[in-house]
Amino acid sequence: MKPVLKWAIAALAALQLPLLTPSAARADEAINSFQCRTSDGVNFTVALSNGGQDSDPIIVWTSDAFTRAGYPPARRCEDVTERFNTLLEENGNSLERLYLTVGRVNRQSVVCAVNSTRLGCNADNVLFTLSNSQQTPEEVMDSLSARTTGTSIQESGGMPYVNLEQLVNNLFQR
């Protein structure tokens, strides 16, 4: 796998951005919200703690794969960040017991959020669509777990799941 794809989460040609180093925060601090940010023309989604600290980028939006359909990286960043905020709110302002997984909805590969490793993707829980030209869904999940220390992929019924709370907490510098 190419190093530039390590940061891809979906439909992204992602890359590491060392210049986007946020302030330090405790990993166990509660998450307040998610925000879409831009630095040097690059859009990325971060988590914000209740203490006001921000995480390393969760998703770096660089792929132009959906631009012709009206979803350039900046719009995808805003739309998906809002979906993360809705997910957080609907789960009682907590990421506890939430998982990211991959599946197919409307014949497209997607990343979705579920509250059990027994559930899969459907039209109501999609976070974003994967580009056909980027990583396979399994590679996306591998790159998610590889980015963080202590976050492993759980498999249930052949489906990969990444614990969203662990993923986000590990993206805060200690």
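**Disulfides and nonpolar cores**

The link of Cys36 and Cys77 is right-handed, with 125° about the S-S bond. This pair joins distant parts of the chain, since Cys36 lies in strand S1 and Cys77 in helix H1, 41 residues apart (helices, H or I with at least four residues, and strands, E with at least two, are DSSP runs numbered from the N terminus). The model is predicted, so to speak of local features requires pLDDT of at least 70 and side-chain atom pairs count only at pLDDT 80 or more, while totals for chains, interfaces and linings use all residues. Residues are numbered from 1 along each chain as its sequence is written, and side-chain values use heavy atoms, leaving out hydrogens and water.

The sulfur atoms of Cys36 and Cys77 are 2.0 Å apart, and a disulfide is a pair of cysteine sulfur atoms within 2.5 Å. Both of these cysteines are buried, meaning under 20% relative accessible area with a 1.4 Å probe and protein chains only. Cys112 and Cys121 form a disulfide too; its torsion about the S-S bond is about -85°, so this one is left-handed. In sequence order, the bonded cysteines pair 1-2, 3-4.

Turning to the interior, the largest nonpolar core has 28 residues, and Ile31, Phe34 and Leu95 are among those with the most contacts inside it. Such a core is a set of buried Ala, Val, Leu, Ile, Met, Phe, Trp, Tyr and Cys residues joined through side-chain atoms within 4.5 Å. Helix H1 gives the most to this core, with 5 residues. Apart from it lies another core, of 7 residues, including Val105 and Tyr161.

Conventions:
Buried < 20%, exposed > 50% of the residue type's maximum accessible area, 1.4 Å probe, protein only.
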